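Reader: I am new to structural terms, and I would like to understand how such labels are justified. Could you take me through some of them step by step?

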Amino acid sequence: MRYFLEIAYDGTRFHGWQVQPNALTVQEVLEDCLSKVLREKINTTGSGRTDTGVHASQQFVHFDSEQQLDPQHIVFRLNRILPDAISVRNLYLVPNEAHARFDAFARTYHYHITLHKNPFKRYYAWYHSRELNVEKMNEAAAILLKYEDFTTFSKVKGDTKHYRCEMYEAVWQQEGEELVFAIRANRFLRGMVRLIVGTLVDVGKGKLTVQEFEQVVASQNRSKSSGAAPSEGLYLARVEYPPHIIARST
């Protein structure tokens, strides 16, 4: 039987989601705890990868088990042995062909910028002391919805076969002392959100005009983007699935 597990994690001490040699990852810790609780070897597949230091307020993974699992019981037992940086929210029995990565039709990331130095936010937001023109940043962000090829905001390495993404939302909002960027699309390229944020911040600082930002996007040239924003401000915030897989994924 196939199950979807909904989790959240603080990525500060992890070298990203995906298992890798000689580094502590979220997937490694989760699989180890799942295997202990279920007393069988468990391999997971995530809805997507997050890089070192990146957080997730909602991430889904799928795994297979021959056991019929009680969701409430398994969630309780997992949360008892998982480290404080990882929590399990829900467990769903799903169709056997359901796939956490390929069946997701939309993903949303949030990026947090704090405008005042806050020691309690140092691992969870990018501190930016200079005033930013949010109106111009939103003008530039809206341009992203006009394009499908995001080669400009992709990392060179990786197994990506194409650089097309369908963008649904890209907007900045001020929430108290923070700026929060919400970006929603059907898929994202490796490092894409942090490169977009870094380039939009250059618009907010006046280093790029809105028109120059559009030229950067249209260029399909990785060297035209600004430096990537720091990892600590980035969160995988929402993953959406068709109702026949998960009736409620918010």
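**Labels and their reasons**

Author: In this predicted model, helix H3 (residues 134-143) packs against helix H5 (residues 210-219) at an angle of about 30°, and their axes are 9 Å apart.

Reader: What makes H3 and H5 roughly parallel to each other?

Author: Angles under 35 degrees count as roughly parallel, and the angle here is about 30°, so H3 and H5 are called roughly parallel. Their crossing is right-handed.

Reader: Which residues of H3 and H5 meet?

Author: From H3 come Lys 136, Glu 139, Ala 140 and Ile 143, and these meet Val 210, Phe 213 and Glu 214 of H5. Sorted by class, this contact has four nonpolar, three charged and no polar residues.

Reader: Why does Tyr 109 count as buried?

Author: Buried means under 20% relative accessible area, and Tyr 109 has 9%, so Tyr 109 is buried. Tyr 109 lies in strand S5 (residues 106-114), and the UniProt annotation "binding site", from an unreviewed entry, covers this residue. Leaving aside residues up to four places away in sequence, Tyr 109 touches several others, including Arg 49, Phe 181, Ala 182 and Leu 234.

Reader: How do you know whether Ala 182 is buried or exposed?

Author: The same kind of reasoning applies. The cut-off for buried is under 20%, and Ala 182 is at 12% relative accessibility, so Ala 182 counts as buried. Ala 182 is placed in strand S8 (residues 178-185), and, not counting residues up to four places away in sequence, Ala 182 touches Tyr 109, His 110, Glu 169, Ala 170 and Val 171.

Conventions. Residues numbered from 1 in each chain as written. Predicted model: local features only at pLDDT ≥ 70, side-chain atom pairs only at ≥ 80, totals over all residues. Heavy atoms only, no water. Helix = DSSP H or I, 4+ residues; strand = E, 2+ residues; numbered from the N terminus. Buried < 20%, exposed > 50% of the residue type's maximum accessible area, 1.4 Å probe, protein only. Contact = heavy atoms within 4.5 Å. Axes fitted to C-alpha atoms, helices over the stretch in contact; angles between N-to-C directions. Parallel < 35°, antiparallel > 145°, perpendicular 65-115°, else oblique. Left-handed = near helix turned anticlockwise from the far one by under 90°. Nonpolar A, V, L, I, M, F, W, Y, C, P; charged D, E, K, R; others polar. UniProt positions renumbered as here; feature names shortened; annotations may be inferred.
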